[in-house]
Amino acid sequence: MSIFVTGATGYLGSYAVERLLRTTDQRLSLLVRAKDVQGARERLWQSLQLHMGFEEFREHLATRIDVYVGDLTAMRLGLDAERYGRLLKGTESVLHVAAALNRMSARLCHDVNLRGTLEIVELVRAIDAMHGVRRFSFVSTTAVAGERQDETIYEDSAIDFGRKDYDPYARTKKFCEHMIARTLPEVPIAIYRPAIVMGDTRFAATSQFDMVRATAMLARMKVLPLDPGARQDIVPADFVGHAIADLHMKPELRYGIYHLSAGHGSKTNAELMRELRLGGKPLRYAFMPRLGAPFGTTAGLAAASPRGLGVSYAGALLKGFWPYVTFNTIFDNNRVIEELGQVPAPFTQYGSALLDFAIEHGFEYPHEPWPAGPPGAEVSSSPA
Ligand SMILES: NC(=O)c1ccc[n+]([C@@H]2O[C@H](COP(=O)([O-])OP(=O)(O)OC[C@H]3O[C@@H](n4cnc5c(N)ncnc54)[C@H](OP(=O)(O)O)[C@@H]3O)[C@@H](O)[C@H]2O)c1
């Protein structure tokens with residue numbers, strides 16, 4: 001029997017898959033968008049090379065991984081009846097990590113997060129009806145808490161449908177949690193809500209850059225339109241990825257929802273700016289919180305400007321993240337600490353190396369291609 005995982009080609013999915021491969025002996029069935037099986041293997045190699053060399057990857061692919069080429073937004077995940085039936089029969093639990101994170105696209109968020117999660121709900125129901133499902137884990141986000149200011153949020157009181165949301169991403173993830181709770185009352189469900197995930201405490205490399213790029217922009221500004229005392233709930237990807245995998249595997253969980261966040265260990269803007277370095281050098285800055293509102297408006301105008309002006313990307317990036325950078329809200333993480341006995345490292349401990357890596361590589365991961373030879377001829381991962 002295997003664990004069915006979505007989102008393995010993404011940033012956090014790669015961490016969860018790596019952890020499951022290295023700390024369990026479970027088979028993994030991975031849903032991957034691609035033209036064909038070899039294309040799917042190559043996409044998995046692109047995401048997993050952050051964690052392992054090709055030989056180890058190839059060994060896992062040959063012995064532990066079943067690739068399912070499909071798409072969340074297609075009926076029955078785009079699998080034919082035979083493959084869908086095989087997936088139902090062979091799956092003991094489901095870990096749904098995949099999502100659309102594009103805060104600017106309501107259409108993508110609706111399609112992938114709502115329609116896609118509904119497809120997963122139907123899959124879980126069918127598995128449960130056939131032979132029971134050990135656990136359905138859903139990776140959500142702390143953004144489901146909606147618009148907030150100067151608060152500490154606890155898991156069970158985060159969701160309030162009367163509250164406005166910052167963007168369609170937050171709104172659709174909130175509705176996913178609701179849909180899962182209402183449609184799968186008999187299934188053991190676990191919800192994991194990461195906060196802002198950036199970097200790794202063990203190495204400088206990352207393959208996800210949007211928030212890192214926004215942070216680098218702020219770190220280079222001489223005048224910071226931020227409140228020095230406001231806190232940023234930033235948590236490393238290794239803590240989050242490992243927590244997702246470890247919680248999914250635990251025989252019993254004390255709670256149904258976990259914040260995967262820095263919580264009370266979150267650093268203030270003043271601490272971040274004081275302790276971070278760029279190229280080994282301290283940052284030079286002055287805080288001017290009163291410029292926050294005009295700065296947010298300017299980012300919005302830049303986002304809407306013609307591409308030719310060259311500021312629309314940076315504007316869109318800052319516009320999308322600005323509410324989360326300025327809301328001075330943290331997410332209590334006592335549950336995950338109690339459950340796993342680990343506390344996430346603060347961003348100041350590993351953030352400088354991350355920013356240096358990102359700047360040095362032009363905010364792109366230096367991917368290694370699939371090694372030469374007839375693509376994947378020698379790797380015999382099961383079907384799809
Ligand atoms: N990163 C963060 O800071 C953060 C914070 C809070 C919560 N989260 C949550 O963590 C989860 C993973 O986020 P991430 O940062 O790893 O995102 P990511 O790197 O963008 O990965 C998204 C994954 O979803 C897959 N996906 C998207 N649309 C799909 C579709 N139609 N069919 C099948 N797969 C599809 C992507 O596949 P392709 O490779 O084919 O595009 C990719 O594997 C999400 O649920 C997100 O809400 C992330």
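Colleague: Let's start with Asp-238: in which helix is this residue found?
Modeller: In this predicted model, the helix to look at covers residues 237–249. Asp-238 falls inside that range, and the helix is called α8.

Colleague: Is Asp-238 buried or exposed?
Modeller: A residue counts as buried under 20% relative accessible area. Asp-238 has a relative accessibility of 7%, so it counts as buried.

Colleague: Which residue does the side chain of Asp-238 join in a polar contact?
Modeller: The contact runs from side chain to side chain, with a length of 2.4 Å. The partner of Asp-238 is Thr-201.

Colleague: Now to the ligand: how many residues surround it?
Modeller: The closest ones are Thr-9, Arg-33, Arg-43, Tyr-169 and Lys-173. Counting the whole shell, the number of residues around the ligand is 24.

Colleague: How do the residues of that shell divide into nonpolar, polar and charged?
Modeller: Four residues of the shell are charged and seven are polar. The nonpolar residues number 13.

Colleague: Which helices each supply at least two residues of the shell?
Modeller: One of them spans residues 11–23 and another spans 168–183. By name, these helices are α1 and α6.

Colleague: How far is an oxygen atom of the ligand from an N or O atom in the side chain of Lys-173?
Modeller: Let's take the neighbours in turn. For Tyr-11, a backbone N or O atom lies 2.9 Å from an oxygen atom of the ligand. For Arg-43, a side-chain N or O atom is 2.7 Å from a ligand oxygen. For Lys-173, the side-chain distance is 2.7 Å.

Colleague: What share of the ligand's exposed area does the protein bury?
Modeller: Taken alone, the ligand exposes 900 Å². Of that area, the protein buries 87%.

Colleague: Turning to the strands, why is β1 largely enclosed by the rest of the structure?
Modeller: Look at both faces of β1: Ser-2, Phe-4 and Thr-6 are buried on one side, and Ile-3 and Val-5 are buried on the other. In a regular strand, side chains alternate between the two faces of the sheet. The strand is largely enclosed because, of its five residues, the number buried is five.

Colleague: Which residue of β2 stands opposite Phe-4?
Modeller: Strands β1 and β2 run parallel, and five bridges join them. Opposite Phe-4 in β2 stands Ser-29.

Colleague: What is the handedness of the crossover from β1 to β2?
Modeller: Between these strands the chain passes through α1, making a β-α-β crossover. Its hand is right-handed.

Colleague: In β4, which residue is the bridge partner of Phe-4?
Modeller: Strand β4 covers residues 91–96 and runs parallel to β1, with five bridges joining them. The partner of Phe-4 there is Val-94.

Colleague: How many bridges pair β4 with β5?
Modeller: These strands pair in the parallel sense, and Leu-95 stands opposite Ser-137 in β5. The chain goes from β4 to β5 through helix α5, in a right-handed β-α-β crossover. The number of bridges between β4 and β5 is three.

Colleague: Which residues of β5 are buried on the side that does not hold Phe-136 and Phe-138?
Modeller: Both faces of β5 are covered, with Phe-136 and Phe-138 buried on one side. On the other side, the buried residues are Ser-137 and Val-139.

Colleague: Which residue of β7 stands opposite Ser-137?
Modeller: Strand β7 covers residues 189–194 and pairs with β5 in the parallel sense over four bridges. Opposite Ser-137 in β7 stands Ala-190.

Colleague: Where is Arg-76, whose phi is positive?
Modeller: Phi of Arg-76 is near 50 degrees, a positive value in a residue other than glycine. Arg-76 is partly exposed, with a relative accessible area of 37%. Its place is the loop between β3 and α4.

Colleague: What is the relative accessibility of Phe-363?
Modeller: Phe-363 sits in the segment after α13. This residue has a positive phi of about 60 degrees although it is not a glycine. Phe-363 counts as buried, with a relative accessibility of 12%.

Colleague: Finally, how far apart in space are Gly-292 and Leu-31, C-alpha to C-alpha?
Modeller: Gly-292 belongs to helix α10 and counts as buried at 11% relative accessibility. In sequence, Gly-292 and Leu-31 are 261 residues apart. In space, their C-alpha separation is 42 Å.

Terms used. Residues numbered from 1 in each chain as written. Predicted model: local features only at pLDDT ≥ 70, side-chain atom pairs only at ≥ 80, totals over all residues. Heavy atoms only, no water. Near = heavy atom within 4 Å. Polar contact = N/O pair within 3.5 Å; in protein donor to acceptor, adjacent residues only side chain to side chain. Areas by Shrake-Rupley, 256 points an atom, 1.4 Å probe, with all protein chains shown as cover. Nonpolar A, V, L, I, M, F, W, Y, C, P; charged D, E, K, R; others polar. Buried < 20%, exposed > 50% of the residue type's maximum accessible area, 1.4 Å probe, protein only. Pairing = 2+ DSSP bridges. Right-handed = clockwise from strand over helix to strand, strands pointing away.
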